[in-house]
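Q: Please take a close look at one part of this structure. I am new to it, so go step by step.

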Amino acid sequence: MLCSLCPRNCNSIRTDNENLNGYCKMPLLPKVARADLHFWEEPCISGTKGSGTVFFSGCTLSCVYCQNYELSHNAFGKIISYERLAEIFKELEEKGAHNINLVNPTHYVFAIKKALEIYKPNIPIVYNSGGFERVETLKALEGYIDIFLMDFKYYSSEKALEYSNAYNYPEIAKKALLECYRQKKNSILEDGIMKSGLIIRHLILPKATNDAISVFKWHLENTPNAFFSMMSQYLPYGKAENFADINRRITKREHEKVLSYILESKKGNVFVQEMDSSSEKYIPNFNLSGI
């Protein structure tokens, strides 16, 4: 297969077990690092029973500060079959998960569709993405995905280039979010648990409060019915120590500046993390659990 699933447009040759010259370096068969109940997503995703989360290896962005560094940069994980991925979906469903949560799925869209054609759970499917998506790929997922849990990481192209090697990220993410909004404009919740919809996430970075506010303003103007999640969990992880501006947690002043803007907007359906969410205890142990 010549791959053009993500905006890198590598056109790399991907076989079941190899990837020749592709940015993500991942094969066609899914490589997975963990599959288990996860309780640290937004309340309408994790609920009380947990989100059935599948953590995929590799990445189309590879942000320098990634908290899942073992997966995104070091490609930790195990290659499994499409049939095994479908079995994992069923096992998580049987554990009582509120949904199946596909973390970092972009480069495995082909595998995910194959697995869902083998077994489609009777719970929502969550597409948990960094937001660096081709509209064509998202359109090909219509009918397979119930909830889009999408990052809008940067409003600044300069920050996108410096931290994620993706100068065009802001414009790519805007187009992707508009497509997700087209598919899931109206959210459906039952007993506080999302069954269908779009949640837009933004992680506040140090010295980037204006970027955070710009992202939120764009959301208000373009995707007003979507839920929004402003995250404060940033840790100087991965290679962050090599970048002076982000080699620290955000400050209380930075947090309050962004929070004040959100409160002044009087926008409903917004999640805001407390500052104590910036802790390694919320990073899962990637040990092939459930694989």
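**The largest pocket**

A: By class, 22 nonpolar, 17 polar and five charged residues make up the lining of the largest pocket. This is a predicted model. The pocket's volume is about 1000 Å³. Its lining counts 44 residues, and Gln-67, Asn-68, Arg-201, Met-231 and Gln-233 are the closest to the centre. Several elements give two or more residues to this lining. They are strand E5 (51-56), helix H2 (69-72), strand E8 (125-129), strand E11 (193-203), strand E12 (227-231) and strand E13 (270-272). The largest share comes from E11, with three residues.

Why look for empty space with a probe? Rolling a probe the size of a water molecule over the atoms shows where empty space is left.

Now turn to a single residue, Arg-34. Arg-34 sits in strand E4, which covers residues 31-38. Arg-34 counts as buried because its relative accessibility is 15%, and buried means under 20%. Which residues does Arg-34 touch, leaving out those up to four places away in sequence? One group is Thr-53, Val-54 and Phe-55. The others are Pro-284, Asn-285, Phe-286, Asn-287, Ser-289 and Ile-291. Asn-285 also appears in a polar pair: its backbone oxygen lies 2.9 Å from a polar atom of the Arg-34 side chain. Finally, take Glu-70, 36 residues from Arg-34 along the chain. The C-alpha atoms of Arg-34 and Glu-70 are 12 Å apart.

Note on methods:
Residues are numbered from 1 along each chain as its sequence is written. This is a predicted model: local features need pLDDT of at least 70, side-chain atom pairs count only at pLDDT 80 or more; totals for chains, interfaces and linings use all residues. Side-chain values use heavy atoms; hydrogens and water are left out. On a 1 Å grid over the protein atoms alone, a cavity is a set of points where a 1.4 Å probe fits but cannot get out, and a pocket is an open set with protein on both sides within 12 Å along at least five of seven lines; lining residues have an atom within 4 Å of a point. Grid points are joined across faces, edges and corners, and a volume is the space filled by probe spheres set on the points. Helices (H or I, at least four residues) and strands (E, at least two) are DSSP runs, numbered from the N terminus. Ala, Val, Leu, Ile, Met, Phe, Trp, Tyr, Cys and Pro count as nonpolar, Asp, Glu, Lys and Arg as charged, and the others, Gly among them, as polar. Buried means under 20% relative accessible area, exposed over 50%, partly exposed in between (1.4 Å probe, protein chains only). Contact means heavy atoms within 4.5 Å. A polar contact is a pair of N or O atoms within 3.5 Å; within protein, one must be able to donate a hydrogen and the other to accept it, and residues adjacent in sequence count only if both atoms are side-chain atoms.
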